[in-house]
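Q: I am new to this structure and would like to understand the terms used for it. Could you take me through them one by one, with the reasoning behind each?

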Amino acid sequence: MAIQRKEPTLSEALFPILFLIVLLVINIGIFGTEGLSGSNQVVLVVSSAVAALVATFRLRIKWEHLQDGIVKSISSAMSSILILLLIGALAGTWLLSGIVPAMIYYGLQILNPTIFLIAACIVSAIVSISTGSSWTTVATVGVALLGIGKALGFEEGIIAGAIISGAYFGDKMSPLSDTTNLAPAMAGTDLFTHIRHMTKTTFPSIAITLVIFGIIGFTIGAEGSVDQVREISAIIVDTFNISGWLFIVPVLVLAMIIKKVPAVPALLAGAILGGVFAVIFQPEIILTISNTEAVGYAYHSFKAVMLALYGEISIVTTNEVVNELLVTGGMSGMLNTIWLILCAMAFGGIMEESGMLRVLAEAVIAKVHSIGSLIASTAATCMFFNVTTSDQYLAILVPGRMYADIYRKKGLKGENLSRTLEDSATVTSVLIPWNTCGATQASVLGVATLTYAPYCFFNIISPFMTILFGYLKLGINYYSEEEMLEIKKEFAV
């Protein structure tokens with residue numbers, strides 16, 4: 001006689017989540033930001049084991065079924081993993097070709113002492129969009145902007161707030177960002193649909209932010225030198241052949257995005273074109289990266305482009321700030337994020353297959369009676385995980401898995417969930433002192449988290465903006481009646 005599987009209780013469903021949270025808090029306390037290099041992944045594996053033990057011994061579910069759930073869960077993230085690898089490759093060839101340095105160079109030219117705070121926010125946004133990394137932006141251009149701002153007479157908390165606001169705007173909107181890829185993977189939508197949908201809440205948030213910084217900047221009316229920025233610009237020009245022709249590649253990739261070309265071929269084309277432009281425009285950089293005595297430019301080109309595609313490359317200059325900016329990890333630089341995704345999807349697969357995620361979701365949805373309250377609950381859950389787990393990735397991963405089916409049942413497309421995840425999880429992580437993002441930025445800038453947090457207007461406004469849009473039912477994408485019939489059939493099965 002077959003053993004009848006049991007329905008999980010709310011306490012049984014909560015136990016693996018609480019175990020995960022407690023273990024992560026301990027882990028972050030010991031390893032800090034190094035937790036992303038492996039210990040967080042191990043915590044997820046151990047938590048998966050705990051969830052499997054609950055499912056096996058309390059709910060009487062066979063391991064084979066749980067394993068099928070893990071495989072199914074990981075399979076759903078495979079397209080995102082491919083995209084992450086291609087993003088690493090694209091970032092490598094865009095650095096090698098001078099595309100990213102050109103974006104940074106022209107972005108720095110808009111800096112004006114009269115509107116410094118606005119300019120600092122915009123420059124940080126441009127660099128972050130170019131690199132896909134708020135951390136890199138803050139640690140490089142952000143450090144330079146902080147020194148300039150202090151020389152101009154601005155308080156360091158205000159300067160840091162402008163830098164971080166711009167950096168996290170760029171991080172959210174860049175297809176090169178890991179969180180921007182992670183959110184749609186969890187919500188069941190694609191990268192470019194996610195980015196397009198985010199503009200509805202993100203652009204109003206950054207517009208309000210710029211107005212506030214403009215008022216502060218014109219009120220203070222500080223004046224001073226921009227020698228540090230000029231030095232960075234001069235070094236970039238001396239190191240790379242900066243030309244407007246380099247923008248052909250990002251323009252072509254942008255055109256493909258607008259034409260709704262799938263992410264994988266669009267990014268692959270961008271990475272390959274970046275390699276071609278590197279060979280054409282940056283022969284000296286090619287020879288430097290190749291670093292071999294072999295004769296023949298074709299040999300040097302092949303080696304340098306391949307290194308940029310798969311591995312870490314760095315361009316060394318006389319300026320340490322520029323050196324930190326001109327480094328990329330290629331495909332291999334994405335492996336820690338992919339590792340984290342695999343472990344998280346394993347945990348989510350067990351939780352989903354055992355019915356524990358469904359029980360948690362039903363407990364939440366029982367208190368949700370409108371689209372506004374659903375989006376508000378999602379945002380609150382994301383911020384809760386940012387506070388308790390100290391990790392923005394998990395603040396996207398776990399709520400993303402929890403709420404995916406709820407949004408579908410409500411007739412809301414995946415991009416509504418992915419946007420809410422980013423509007424609340426990605427941007428608020430830097431406001432929490434013990435979160436990896438908050439701790440890192442405070443350390444890099446030398447400004448305490450609670451000192452800059454009140455001036456990170458974009459990060460503060462974003463979750464409120466997404467909740468407001470939810471309650472007003474603005475910018476919401478719904479499934480058609482035909483699609484809803486298919487979804488109802490799916491859940492009926």
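Q: What makes the contact between Lys172 and Asp423 a salt bridge?

A: In this predicted model, the closest N and O atoms of Lys172 and Asp423 are 2.3 Å apart. A salt bridge needs a side-chain nitrogen of Lys or Arg within 4 Å of a carboxyl oxygen of Asp or Glu, and therefore the pair of Lys172 and Asp423 qualifies. Lys172 lies in helix 8 (residues 156–173) and Asp423 in helix 21 (residues 414–428), so this pair ties together parts that are 251 residues apart in sequence.

Q: Why are Lys172 and Asp423 called buried?

A: The relative accessibility is 0% for Lys172 and 1% for Asp423. Buried means under 20% relative accessible area, so the word applies to Lys172 and also to Asp423.

Q: How many salt bridges does the structure hold, and what can bring such side chains together?

A: The structure holds three salt bridges. In general, side chains of opposite charge can pair when their charged atoms come close.

Q: How do you know that Glu12 and Arg58 meet in a salt bridge, and what does the pair tie together?

A: Their side chains come to 3.0 Å, N to O, and because the cut-off is within 4 Å, the contact between Glu12 and Arg58 counts as a salt bridge. Glu12 belongs to helix 1 and Arg58 to helix 2 (residues 39–58), so the pair ties together parts that are 46 residues apart in sequence.

Q: Why is Glu12 given one exposure word and Arg58 another?

A: Glu12 has a relative accessible area of 8%, and since buried means under 20%, Glu12 is buried. Arg58 has a relative accessible area of 48%; partly exposed covers the range between buried, under 20%, and exposed, over 50%, so Arg58 is partly exposed.

Q: What makes Glu352 and Arg401 a salt bridge, and is each of them buried or partly exposed?

A: The side chains of Glu352 and Arg401 meet at 2.4 Å, N to O, which satisfies the requirement of within 4 Å. This pair links distant parts of the chain, with Glu352 in helix 17 and Arg401 in helix 20, 49 residues apart. Glu352, at 39% relative accessibility, counts as partly exposed, whereas Arg401 has 18% and is buried, because the limit for buried is under 20%.

Q: Which residues line the largest cavity, and how do they divide by character?

A: The lining includes Arg401, together with Ile17, Leu44, Gly348 and Val398 among others. By character, the lining residues divide into nine nonpolar, one polar and one charged. Helix 17 (335–353) and helix 20 (392–409) each supply at least two residues of this lining. About 80 Å³ of space lies in the largest cavity, and the count comes to one cavity of 30 Å³ or more.

Q: Why is Ile26 called partly exposed, and what does it form with other residues?

A: Ile26, which is placed in helix 1 (residues 10–31), has a relative accessible area of 47%. This value falls between the limits of 20% and 50%, so Ile26 is partly exposed. Val22, Ile26, Ile30 and Phe31 form a nonpolar patch on the surface, with about 410 Å² of accessible area together.

Q: How do you know that Thr328 is buried?

A: Thr328, found in strand 2 (residues 327–328), has a relative accessible area of 12%, and because buried means under 20%, Thr328 is buried.

Definitions and conventions
Residues are numbered from 1 along each chain as its sequence is written. This is a predicted model: local features need pLDDT of at least 70, side-chain atom pairs count only at pLDDT 80 or more; totals for chains, interfaces and linings use all residues. Side-chain values use heavy atoms; hydrogens and water are left out. Patches are made of residues with over 30% relative accessible area and no salt bridge: like charges are joined within 9 Å, nonpolar side chains (Val, Leu, Ile, Met, Phe, Trp, Tyr) within 5 Å. Accessible areas come from the Shrake-Rupley method with a 1.4 Å probe; for residues, only the protein chains shown count as cover. Helices (H or I, at least four residues) and strands (E, at least two) are DSSP runs, numbered from the N terminus. Buried means under 20% relative accessible area, exposed over 50%, partly exposed in between (1.4 Å probe, protein chains only). On a 1 Å grid over the protein atoms alone, a cavity is a set of points where a 1.4 Å probe fits but cannot get out, and a pocket is an open set with protein on both sides within 12 Å along at least five of seven lines; lining residues have an atom within 4 Å of a point. Grid points are joined across faces, edges and corners, and a volume is the space filled by probe spheres set on the points. Ala, Val, Leu, Ile, Met, Phe, Trp, Tyr, Cys and Pro count as nonpolar, Asp, Glu, Lys and Arg as charged, and the others, Gly among them, as polar.
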